[in-house]
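This report describes how the strands and helices of one chain are arranged. The sequence and structure come before the details.

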Amino acid sequence: MVKDQLPMQVIAKLKYFWHYSTGGKMDFRDINIEQIVARICNSDTTGEAFQLYQLAAPLLKDYKFVFASDKGGQPGFAVNRTFSAGAAVRSLFKTDRILVLDLDTALEMESGQSTYPIDYSISLDTNAMSYLVPHMAGKRGGGIPADFLEVFEFIASPEVNVDPIPYFTENLPNLADGKSADEIFENLKAYEILRTIDADWLKSKGQVQSTLTEQELAKSAQQLLSKMYMDINDDAAMKGIKFRHQYMYACLIKMAAIQLKSPSAGIGKKMSAFMEFCHSGLATMSVREAAVARAYFTQGQDLTFFGKIQKKSKKDILELLRNMAWDMWHVRQMEQSITLKPAKQARYFFPALLTFDRRFIEIMDLYPLKACAFKVSESQPMPFFDGDAFRLIATDDEDGASAVKKYFSEDAIATREAVRDSVRANFSVVVDSLEKELLAIAK
């Protein structure tokens, strides 16, 4: 498609954007690629996104885009679904269909249609395992309740792939800290049963058993446990996991401190305190966490994810927040997973998560994505909220303009980048200070 075939308003938008982002220069070498990516992801329609992508295609050879769409392809079973038992599958996107853009797909779409292989998986968090395991292998009499049978039948479908990534991540630090491997081994064995459910037996007998023998199950579980031991010996990987959890923990502690200290304060004042903490204390601005903070500051304990965070729970408030931090990280982990190199020559990998934790589901539903982009060589996701992100970070009752100007100007971004490494190197000090602040408020 040549440029003069595009709607003039689209050309004008991109020309203006390039002109603005390069200070008046139109040389491709000077263009901020991430700003171009952001402009495409924030398009009003997927049609406009495709047109802008074509204009900028020479700059985007190493980028992939995924958009929520009502008319795109379906990413397998990695889509939103709710079961009568209270369980839910949640993807990153609001819609059950998606549109993808990359060099190969865009070329195929110019000819009319693109058909491409995909890979997907549904992660089982620790909560899902705790609900499902008691109903396996006859551990409870009377058969499987109908609502739980619905979940098992879904998992047993040959088209459904499940993985234990959240369980792995959450329990690696426990294993490293000396937690008994026996309990972890039994849960890994249970995961192997879920991965290999005998669908015919489930249908005829209403019982969950594996197509593998007991010896094969034990061998597979032992291999997974061995993989976990290999992972805990990877210092860089373990530091990364612990930092990400601590980062989410720090965000949650600050949210709780702000809310418990001044529950009746205005939303603008609370958001201002949280945004300033992200800017100065964490040297990182996170819109997803800001969305959670805004919902908490607005609803208080009516946002059930924070229902147990009360002053009277001061004896275990930090432990509660540590567990909640794992939930928050599991969503971020899904964002990271979408950048993974897919298996079997697939062009894209689509993650989803299965949980019975309704409080966690409530949090996931706060922040559906309209788009997510990533550079293949760096595997760093760039998620974009399906809504007005400015309103999420607003520090007053008018709009988010003041917050955008204050925290997302070039100077503000440069300020954070200049101190980010120093903040991360001393993050334990940051967390320790936050814990003391919250405990003082809770007294």
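Two strands count as paired if DSSP finds at least two bridges between them, and the elements themselves are DSSP runs numbered from the N terminus, with helices (H or I) of at least four residues and strands (E) of at least two. This is a predicted model, in which local features need pLDDT of at least 70 and side-chain atom pairs count only at pLDDT 80 or more, while totals for chains, interfaces and linings use all residues. Residues are numbered from 1 along each chain as its sequence is written, and side-chain values use heavy atoms, with hydrogens and water left out.

Strand 1 (residues 63-69) and strand 8 (residues 369-375) run antiparallel and are joined by five bridges, and Lys 64 stands opposite Phe 374 in strand 8. They belong to an open sheet of four strands in the order 4-1-8-9, with antiparallel pairing. Strand 4 (97-101) and strand 9 (380-385) each have a single partner strand, so one side of each is left without a neighbour in the sheet.

Two helices lie across strands of this sheet, where contact means heavy atoms within 4.5 Å and angles run from 0 to 180 degrees between N-to-C directions, with axes being lines fitted to C-alpha atoms, for helices over the stretch in contact.

| Helix | Strands crossed | Angle to strand 1 |
|---|---|---|
| Helix 2 (residues 33-41) | strand 1, strand 8, strand 9 | about 20° |
| Helix 3 (residues 46-56) | strand 1, strand 4 | about 165° |

A further open sheet has five strands in the order 2-3-7-5-6, with mixed pairing.
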